[in-house]
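Hello,

Here is the structure we talked about handing over. Please open it alongside this message, and then read on for what turned up.

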Amino acid sequence: VTGAPPPSLPVTATPGASPNGATPQPSSQISSYFQNDGCTKTVPTGSQDAYGAWTQGKDIQLHGQDEHTELDSLMWFCKAAQMQSDNDSLSKGRAEFEVGELYLRGMALPPLQEGGGLRSQNLAPDLKKAIDWFLKADAHGNTNAMERLASLYMGGPQIKGNPQPKDVAKSVGFLKRAAERGDSWAIANIGLVKAIDGFTATPEEVRKIAFAGAQIAAKQQANQ
């Protein structure tokens, strides 16, 4: 797949490696932060809608500069994703994608007080949780999540820590969904799907997908 791909997946990452190369701490030492689904146990106060919560998370993510940054941004992304009374599927999809991204790469956590000093803590990448959140984001129409899922299903076990086997049909399915929604990366690559591992797509099908995606992209640009 060529074109302008999304940020690279951790193909060469060692399972259990932390974002900065330090040895991650055992899960028993950091489990107090997280629920089973990967969201934080602490829910931040403020922001009454999904868009506001997602914006708070992005602001922290972009401007934070310490070990609290990723955990704090995760709190806000989780809040946006879990707002039952808010029907803003766009913001929810964005937030779910960001949660998936954090689990895809692993997170730095607040340091642990130990023996009169501080010891760094890191959460190792968890691609199973990442995929779960990307699937949630996909259900809300997030094309970034579709790109990620397409790459993960195409890479299969070549992507270390990936629990999914290689599945070209699923990969192409996500790529098509993103292209149909006007995603430029997917549109640039959809013409190559007929050459991937024997998967076949007719020239007419490729043309229709690319044309539909281009129409949506043009409408989105006109509405900005």
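**What was found**

Start with Lys128, which counts as exposed because its relative accessibility is 53%, and the cut-off for exposed is over 50%. Please keep in mind that this is a predicted model.

Lys128 has a partner. It forms a salt bridge with Asp132, and the closest N and O atoms are 3.6 Å apart. Both residues lie in helix 5, which covers residues 127–139. They sit 4 residues apart, about one turn of the helix. Asp132 counts as partly exposed, because its relative accessibility is 34% and that class runs between 20% and 50%.

**The chain as a whole**

Now a step back. The chain has 224 residues, and 42% of them are buried. Its secondary structure comes to 9 helices and 2 strands. Along the sequence the order is α-α-α-α-β-β-α-α-α-α-α. The exposed surface is about 11,600 Å². Carbon and sulfur atoms supply 52% of that surface.

How much of the contact network joins residues at least 24 apart? Take the contacts between residues at least 6 apart in sequence: 65% of them join residues at least 24 apart.

**Helix 4 against helix 6**

Look next at helix 4 (residues 89–105) and helix 6 (residues 143–155). They pack at an angle of about 35 degrees. Their axes are 10 Å apart. The crossing of helix 4 past helix 6 is left-handed.

Which residues meet there? From helix 4 come Phe97, Glu101, Leu104 and Arg105. From helix 6 come Asn144, Ala145, Arg148 and Leu152. By class, this contact has 4 nonpolar, 1 polar and 3 charged residues.

Two of the residues in this contact also pair up. The side chains of Arg148 and Glu101 meet in a salt bridge, 2.7 Å from N to O. Arg148 is in helix 6 and Glu101 is in helix 4, so the pair links distant parts of the chain, 47 residues apart.

Are these two side chains on buried or exposed residues? Arg148 is buried, because its relative accessible area is 1%. Glu101 is buried too, with a relative accessible area of 12%. The cut-off for buried is under 20%.

**Helix 4 against helix 2**

A search of the whole structure finds 5 salt bridges. One of them joins Glu98 to Lys58, with the closest N and O atoms 3.1 Å apart. This pair also links distant parts of the chain. Glu98 is in helix 4, and Lys58 is in helix 2 (residues 50–63). The two residues are 40 apart. Glu98 counts as buried, because its relative accessible area is 11%.

**Met75**

One more residue to click on. Met75 is found in helix 3, residues 69–81. It counts as buried, because its relative accessibility is 15%.

What does Met75 touch, leaving aside its neighbours within four places in sequence? It is in contact with Thr40, Thr42 and Pro44. Thr40 is 35 residues from Met75 along the chain. Their C-alpha atoms are separated by 5.7 Å.

**Where to look**

For a quick tour, begin with Lys128 and Asp132 in helix 5. Go on to Arg148 and Glu101, the salt bridge between helix 6 and helix 4. Then see Glu98 with Lys58, and finish at Met75 in helix 3.

Best wishes

Methods: Residues numbered from 1 in each chain as written. Predicted model: local features only at pLDDT ≥ 70, side-chain atom pairs only at ≥ 80, totals over all residues. Heavy atoms only, no water. Buried < 20%, exposed > 50% of the residue type's maximum accessible area, 1.4 Å probe, protein only. Contact = heavy atoms within 4.5 Å. Areas by Shrake-Rupley, 256 points an atom, 1.4 Å probe, with all protein chains shown as cover. Axes fitted to C-alpha atoms, helices over the stretch in contact; angles between N-to-C directions. Left-handed = near helix turned anticlockwise from the far one by under 90°. Nonpolar A, V, L, I, M, F, W, Y, C, P; charged D, E, K, R; others polar. Salt bridge = Lys/Arg side-chain N within 4 Å of Asp/Glu carboxyl O.
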